[in-house]
Amino acid sequence: MAHQEGKMSWVVTDAQDYKGAPADRSKTGGWVPAALILGIEMCERLSTMGIAVNLVTYLIGTMHLPSSTSANVVTDFMGTSFLLCLLGGFLADAFLGRFKTIAIFAVVQLLGTGMLALSTKLPQFRPPPCDMSKSETCQKASDFQMSILYLALYLIALGTGGLKSSVSGFGSDQFDEKDEKEKAQMTAFFSRFFFFISLGTLTAVTVLVWVQDEVGRSWAYGICSVSMGIAIVIFLGGMKKYRYKKSMGSPVVHILQVIACAIRKAKLQMPYDVSMLYEDSPDSSRIQHTDQFGCLDKAAIVTEGDFERNGSDGSMTANPWKLCSVTRIEEVKMMAGLLPVWATTIIFWTTYAQMITFSVEQASTMERSLGSFQIPAGSLTVFFVAAILLSLAVYDRLIVPLWKSWKGKPGLVLSIFGMAVAALAERKRLSVAKTVGQNTQNLPISVYYLIPQFFLVGAGEAFIYTGQLDFFITQSPKSMKTMSTGLFLTTLSLGFFLSSFLVSIVTRITATKDSQGWLADNINYGRLDYFYALLALLSLVNFVVFMICAIWYKPKRKPESSKPLKMINGNGNGSFVGHAEEKC
């Protein structure tokens, strides 16, 4: 018996090995397979950020696109990358599992970076070169040339979305939460995960951007392709070492089921006693009924035809598209309660988008010499990354103890100051341009004027990223942790799309017959400072709305009343499931 218990202690109960057998703790999981997963994530960051931070200069200088159009191409690319995380998460949860999702989408990204390297190398995929500083009429990229570029970019976006949705989850799967030693290792894994993300980003904005500007973009994108190819081979080589967990179904499907049931039963009358609502969840995981979003409660009203006979044993089970449990409905309510706070963090990522678009374009017109070395314009984002790492270092030690209830708020405040400082720096740059001539390609003003805006928004990202992710994970139901992460990533996506929308609207409103408006093709003729000031104002208004939403939001409380609540279970019988929630 002792031998059998010792043998069972080596089995991870909720994980399998590559053959589908219970995972052996001594042969699977741990730091070795986790390191292989970290490697493929670092290569993803290297590719995505190495392309994004310097893409605007390629679109303007080589493809001869207008400034506003170039900015929108970059923000649409990044927005799509994060939006596709939802697709990747859905496929991983419902069909493929995390390992297959990572492998498939890593290959997709490899194809995208390879295609981008090819399109930047062959002359038929870009317009003839010309000197824009001499006021030459440059031929814009043709529809065919742009189609090839878009295809490459959105293959990369698709790959990024699939990878980001599963990499952190698959890495955490390699550690057993029920084992104290491995639980501590899992915590260390997440800190190393963010470190590898930062390392990949840092390499991208320094080494890779320098290769793009000084050696050639095709070489830089080729490096991305080769590194991703090597990472895929290494990742697949660890197949026998990984722990695999069964998919529990997509939270998106669960949410749609609750909404479908509520709509289907919208005309029904609620029972006089909520104890008549359907409940089949285990006692340990049941969530008490609340009055918030009461229209969803009708999804738990039992009607004829809601139950179907199970073919295997003849028992009756509820059709989830016709009847949902109170717990499932409360989970959806919890996610719905997060949405107001979720919406007020979108504008921050709109300000973030300016750091990899217009701010890089600003840097390309300024004095960037460091001795005999010319700093690439895209490498200014190194101050952005430095601010993130520095802010993370002080976040747990200073910010959280002082402002436990202010998670995320410092980031919103810093974004306001970041855009205000950016407006002042741009006003100074424009005054120099008017003095020496607006057609001057390299203005006699130091690029270091831009460091404060990069630093402020970068520090803001550290606070927003950690505070927002912590909020969504801790306030969402256990069964929807993956969904909460996806919800967080959609704020990034919508922030980038909002940036594209604002750029388009501002360009249309401010442009006249005699002027290209605030966002001119040559920013020396525009008023980018007005656009930054507009973003600072929108960020201020958003912060006020955020404060109102934060006051309105009430975290889930444990029931205080001692009165037991009787629910209808799957067999039609009543069972006491806890205590009734105190009425508001």
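These legends walk through several close-up views of one predicted model. Because the structure is predicted, local features need pLDDT of at least 70 and side-chain atom pairs count only at pLDDT 80 or more, while totals for chains, interfaces and linings use all residues. Residues are numbered from 1 along each chain as its sequence is written, and side-chain values use heavy atoms, with hydrogens and water left out.

**View 1. T344 sits in a loop between two helices.**
Start at T344, in the loop between α9 (326–343) and α10 (346–354). Helices here are DSSP runs of H or I with at least four residues, strands are runs of E with at least two, and both are numbered from the N terminus. T344 is buried, as its relative accessibility is 4%; buried means under 20% relative accessible area, exposed means over 50%, and partly exposed lies in between (1.4 Å probe, protein chains only). Leaving aside residues up to four places away in sequence, T344 touches L412, N542, V545, F546 and C549, where a contact means heavy atoms within 4.5 Å. One of these partners, N542, is 198 residues away along the chain, yet the two C-alpha atoms are separated by 6.1 Å. The side chain of T344 also reaches the backbone oxygen of V341 at 2.8 Å. That is a polar contact, meaning a pair of N or O atoms within 3.5 Å; within protein, one must be able to donate a hydrogen and the other to accept it, and residues adjacent in sequence count only if both atoms are side-chain atoms.

**View 2. K333 in helix α9 meets D297.**
Is K333 buried or exposed? With a relative accessible area of 2%, K333 is buried. Its side chain and that of D297 are joined by a polar contact of 2.7 Å. Besides D297, the residues that K333 touches include H289, T290, Q292, F293 and L296, not counting those up to four places away in sequence.

**View 3. Two residues other than glycine have a positive phi.**
F293, one of the residues touched by K333, lies in the loop between α8 (251–264) and β3 (307–309). Phi of F293 is near 50 degrees, a positive value although F293 is not a glycine. F293 is partly exposed, at 30% relative accessibility. Now look at H64, in the loop between α2 (31–61) and α3 (67–96). H64 has a positive phi of about 60 degrees, and at 6% relative accessibility H64 counts as buried.

**View 4. Q145 in helix α5 holds polar contacts with R126 and S142.**
What does the side chain of Q145 reach at 3.1 Å? The answer is the backbone oxygen of R126. A polar atom of the Q145 side chain also lies 2.9 Å from the backbone nitrogen of S142. Q145 is buried, at 10% relative accessibility. Beyond four places in sequence, the residues touched by Q145 are M63, Q124, F125, R126 and P127.

**View 5. Aromatic rings pair up across the chain.**
The structure holds 21 aromatic pairs. In one of them, the ring centres of F125 and F144 are 6.0 Å apart and the planes meet at 40 degrees, so the pair is tilted. Rings of Phe, Tyr and Trp (its six-membered ring) pair if their centres lie within 6.5 Å; planes under 30 degrees apart count as stacked, over 60 as edge-to-face and the rest as tilted. This pair links distant parts of the chain, 19 residues apart: F125 is in the loop between α4 (98–121) and α5 (143–172), and F144 is in helix α5. F125 is buried at 15% relative accessibility, whereas F144 is partly exposed at 49%. In another pair, F358 and F531 have ring centres 5.9 Å apart and planes at 70 degrees, so this pair is edge-to-face. Here the partners are 173 residues apart, with F358 in helix α11 (residues 358–364) and F531 in helix α16 (residues 528–552). F358 is buried at 1% relative accessibility, and F531 is buried at 0%.

**View 6. F82, F348, W349, Y352 and F496 gather in one aromatic cluster.**
This view shows the five named residues, which together form one cluster of aromatic residues.
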